[in-house]
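Subject: Structure handover

Hello,

Here is the structure for you to look through. Please open it first; my notes on what was found follow below.

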Amino acid sequence: MKISFECDYNNGAHPRVMEHLMATNDKQSLTYGFDEWSESAKEKIRLACGLPHADIYFISGGTQANLVVIDSMLMSCEAVITAETGHINVHEAGAIEGSGHRVIALPAHDGKLSAEDLKSYMERYENDESRDHLAQPGMVYITFPTEYGTIYQAEEINAIYQLCRRYRLHLFVDGARLGYGLMSDACDISLPWLARHCDAFYIGGTKVGALCGEAVVFTHENTPRHIFSNIKRHGALLAKGRLTGIQFEALFTDRLYFDISRHAINMANKLKLILKETGFELFIDSPTNQQFAIIPNEMMKKLEKKVIFTHWEPYDNDHFVCRFVTSWATTPKDLDTLKRILQQCKTGK
């Protein structure tokens, strides 16, 4: 059987999440997220965010969360700005455009959108005499961590947020891997800090210990009208809403979400060292759980017979960028196995 470093959602759920699901399985509850466990989870998340009045909605998945938030917060003529590598621009099958909102892609710098590029774009827009004929920018979307495993520093987020306030744009943070970003050694922000410096974000569960589900947080009593109806309209409402509520209640009890995220970072740090020790060049210096190695094409073909990983993008005619991902479920034994396989591929054995 192949060992998998393909992604951070290739396992089921953390045992404590499963235990909580099983312990509550025989109990009846209200539906559509109005159950006691969902309410308890929301209170725990509010406490962790330092936002006692935040509105929180549990959504079935990441693409659905992005679609619901963007479509609910924007007028029909408004567009969303993102880095060209942003998930909504690359990996969501045109879901945002399908809802009628244009995605405006600006240059990416190691996966990040820069405040300078955002300012330059908005200045051009403001000075365009024909701007009323354009898709109107209404939101900035960033991912934390980015699709390349990099993270924004506090000064970078603050600069983007201040520009959003100046130009009356919403700032929305995709937190599909939020725990892995917050627990990175390179991170200089906290969850409460992030909550104060954006208009909406979500806490990823699917990739951080849950079977499925994300928790969308509206931070400044700015919840869009008819949000519940819009969640249902986009097919993101679970009749058994308790499914996500129970999982997030477990994840936000006794810091489980943060502890398992830190475990993934510890494993990623060891993975990075293994890649370097076995002679592979890193494509980017990622401080989170996604690591990108430059691998010769012929060696990649040998490696993929024993390891599942992501073929990310061509590096040149003879090399490919390959992604290896750790998670809350990665074990030291997994890393030892990978190291042995990498060494064998290097030596041709």
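The largest cavity has a volume of about 40 Å³. Please keep in mind throughout that this is a predicted model. The count of cavities of 30 Å³ or more comes to one.

Which residues line the largest cavity? The lining is made up of Thr82, Ala83, Thr85, Gly86, Gly111, Tyr141, Ile142, Thr143, Glu147 and Tyr152. Strand 3, residues 78-83, supplies at least two residues of this lining, and so does strand 5, residues 136-143. Strand 5 gives the most, with three residues. Sorted by class, the lining of the cavity has four nonpolar residues, five polar ones and one charged one.

There is also open space to look at. The largest pocket holds about 440 Å³ of space. Its lining has 24 residues, and those nearest the centre of the pocket are Tyr9, His87, Ala176, Arg177 and Lys207. Helix 3, which runs over residues 62-73, provides the largest share of the pocket lining, with three residues. By class, the pocket lining divides into six nonpolar, 10 polar and eight charged residues.

Next, the chain as a whole. How many helices and strands does the protein chain have? There are 14 helices and 13 strands in the protein chain. The radius of gyration of the chain is 21 Å, close to the 20 Å that the globule rule gives for 349 residues, so the chain is as compact as a globular protein of that length. Along its principal axes, the C-alpha trace spans about 60 × 60 × 35 Å.

Of the 349 residues in the protein chain, 55% are buried. The chain exposes about 15700 Å², and carbon and sulfur atoms supply 49% of that area. Contacts between residues distant in sequence can be summed up too: among contacts between residues at least 6 apart in sequence, 73% join residues at least 24 apart.

Two isoleucines are worth finding on your screen.

Start with Ile88, which is in helix 4, residues 87-90. Is Ile88 buried or exposed? Its relative accessibility is 1%, and buried means under 20%, so Ile88 counts as buried. Not counting residues up to four places away in sequence, Ile88 touches Asn66, Ile70, Val80, Thr82, Ile96, Val103 and Tyr141. Among these contacts, Thr82 and Tyr141 also appear in the lining of the largest cavity. The C-alpha atoms of Ile88 and Ile142 are separated by 9.6 Å, and the two residues are 54 residues apart along the chain.

The other is Ile295, found in strand 10, residues 290-296. Ile295 has a relative accessibility of 1%, and therefore counts as buried. Which residues is Ile295 in contact with, leaving aside its neighbours within four places in sequence? They are Phe280, Met300, Leu303, Asp318, His319, Phe320, Cys322 and Phe324. One of these contacts, His319, is 24 residues from Ile295 along the chain, and the C-alpha atoms of the pair are separated by 5.4 Å.

To go over the spaces again, look for the cavity of about 40 Å³ and the pocket of about 440 Å³. For the buried residues, look for Ile88 in helix 4 and Ile295 in strand 10.

Regards

How values were computed. Residues are numbered from 1 along each chain as its sequence is written. This is a predicted model: local features need pLDDT of at least 70, side-chain atom pairs count only at pLDDT 80 or more; totals for chains, interfaces and linings use all residues. Side-chain values use heavy atoms; hydrogens and water are left out. On a 1 Å grid over the protein atoms alone, a cavity is a set of points where a 1.4 Å probe fits but cannot get out, and a pocket is an open set with protein on both sides within 12 Å along at least five of seven lines; lining residues have an atom within 4 Å of a point. Grid points are joined across faces, edges and corners, and a volume is the space filled by probe spheres set on the points. Helices (H or I, at least four residues) and strands (E, at least two) are DSSP runs, numbered from the N terminus. Ala, Val, Leu, Ile, Met, Phe, Trp, Tyr, Cys and Pro count as nonpolar, Asp, Glu, Lys and Arg as charged, and the others, Gly among them, as polar. The radius of gyration is taken over C-alpha atoms; the globule rule is 2.2 Å times the number of residues to the power 0.38. Buried means under 20% relative accessible area, exposed over 50%, partly exposed in between (1.4 Å probe, protein chains only). Contact means heavy atoms within 4.5 Å. Accessible areas come from the Shrake-Rupley method with a 1.4 Å probe; for residues, only the protein chains shown count as cover.
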